[in-house]
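Visitor: Please take me through this model and justify each term by its criterion. I should like every label to be set against its cut-off.

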Amino acid sequence: MAVKVALINMKGGVGKSTLTANLAWHLAGKKKWTTRVLVIDLDPQINVSQYLLGGKKYQALVKKDHPTIWNVLEQGTATPSGGKSPMLDPHDVIVNVTSFTDGSRIDLIPSRLELAWSLRNPALKERKLRKLIEKIEDEYDLVLVDCAPTESMLTTAAYFTCDHILVPVVPEYLSSIGLPLLVRSIAEFKEQNDGETLEVLGIVFNQTENYSPEEALAKKEVTDFANDEGFAIFTTGIRYSKSYAKGAREAKPIFHTSYARTAVAQQFHAFACEFASKVGL
């Protein structure tokens, strides 16, 4: 069965989508691993969908009205005509991003802006993603879920689907204040759903710039908080680089992005190695 990891922080702008896309590429595209990765875009902002597919390919997919995560959550819901939205074959929703000769691949369940409409009537939708993934998880080694940065039905859907949570944090004050909200959210989920074994895999410092003293102070505050909660801190942080933004434009990982510095790519690779070790890949 696949290891299922949600990337989430209750604060936006911490680089979740960029981290998700590059992690998928590293674990599937590097010879060190043979990994079948499924990425699920559970964010109406559609960033990881566009990062992995590229803008033109993503827009072509939308024009063809290809099923997305919105269709997954709307399965079986009542329609204005009195019927119900059709149930989906998981393979009809999945888009292949790339495949490799060793069997590794990256697949995607894309999102679209209309996902926000699902939040208008969220009842009875939280477990639909989990049920869909249960049908296909033996086809993958790793499932990465890129989450929206707010508490909603989408958050609960990610909790039901995943085993672990990876928390990206930019070492600055406004980024770290989302952590207590996340802790409370997870605690309430477990209280309301006996038997769920959702665990925090760890916190990774993202978009670091070694700006002292603010960054050092923020890291200390986050580390103290993590120690109090029993959360691990990843040894390898990920420093800020404009090459990640360029990679998003080119729909390429950092190790294939034009003019990306070798040190930047090597640092992310070190993080990917640490992540793979933690989840047992």
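Guide: Let us begin with helix α10 (residues 214-229), where Asp224 and Lys220 lie 4 residues apart, about one turn of the helix. Helices (H or I, at least four residues) and strands (E, at least two) are DSSP runs, numbered from the N terminus. The model is predicted: local features need pLDDT of at least 70, side-chain atom pairs count only at pLDDT 80 or more, and totals for chains, interfaces and linings use all residues. Residues are numbered from 1 along each chain as its sequence is written, and side-chain values use heavy atoms, with hydrogens and water left out.

Visitor: What makes the contact between Asp224 and Lys220 a salt bridge?

Guide: The N to O distance of this pair is 2.9 Å. A salt bridge requires a side-chain nitrogen of Lys or Arg within 4 Å of a carboxyl oxygen of Asp or Glu, so the pair qualifies. By this rule the count comes to 13 salt bridges.

Visitor: Why is Lys220 called exposed, and Asp224 partly exposed?

Guide: Buried means under 20% relative accessible area, exposed over 50%, and partly exposed in between (1.4 Å probe, protein chains only). Lys220 has 52% relative accessibility and therefore counts as exposed. Asp224, at 34%, is therefore partly exposed.

Visitor: Which helix holds both Arg130 and Glu134, and how do you know that they form a salt bridge?

Guide: Both lie in helix α6, 4 residues apart, about one turn of the helix. Their side chains meet at 3.6 Å, N to O, which satisfies the rule for a salt bridge. Arg130 has a relative accessible area of 25% and is partly exposed; Glu134, at 48%, also counts as partly exposed.

Visitor: What makes the salt bridge of Arg36 and Asp141 a link between distant parts of the chain?

Guide: Arg36 is in strand β2 and Asp141 in the loop between α6 (128-134) and β5, 105 residues apart. The closest N and O atoms of the two are 3.2 Å apart. Arg36, at 25% relative accessibility, is partly exposed, and Asp141, at 23%, is partly exposed as well.

Visitor: Why is Asp146 said to have no salt bridge?

Guide: The nearest side chain of opposite charge, Lys16, is 5.4 Å away from the buried Asp146. Lys and Arg count as positive and Asp and Glu as negative, while His and the chain ends are not counted. Asp146, which lies in strand β5 (residues 142-147), does make a polar contact through its side chain with the side chain of Ser17, at 2.6 Å. A polar contact is a pair of N or O atoms within 3.5 Å; within protein, one must be able to donate a hydrogen and the other to accept it, and residues adjacent in sequence count only if both atoms are side-chain atoms.

Visitor: How do you know that Cys162 is in no disulfide?

Guide: A search of the whole structure finds 0 disulfides. For Cys162, the nearest cysteine sulfur, that of Cys147, is 6.4 Å away, whereas a disulfide is a pair of cysteine sulfur atoms within 2.5 Å. Cys162 has a relative accessible area of 7% and is therefore buried.

Visitor: Why is the pair of Phe160 and Phe189 called edge-to-face?

Guide: Rings of Phe, Tyr and Trp (its six-membered ring) pair if their centres lie within 6.5 Å; planes under 30 degrees apart count as stacked, over 60 as edge-to-face and the rest as tilted. Phe160 and Phe189 are 4.9 Å centre to centre, with 75° between the planes, and thus edge-to-face. Phe160 lies in helix α7 (residues 153-161) and Phe189 in helix α9 (residues 179-192), so the pair ties together parts that are 29 residues apart in sequence.

Visitor: What makes the pair of Tyr244 and Phe268 tilted?

Guide: Their ring centres are 6.2 Å apart and their planes are at 55°, so the pair is tilted. Both residues are buried. Ring pairs link Phe234, Tyr244, Phe268, Phe271 and Phe275 into a cluster.

Visitor: Why is α7 described as mostly covered?

Guide: Of its 9 residues, 9 are buried. Among them are Met153, Tyr159 and Phe160.
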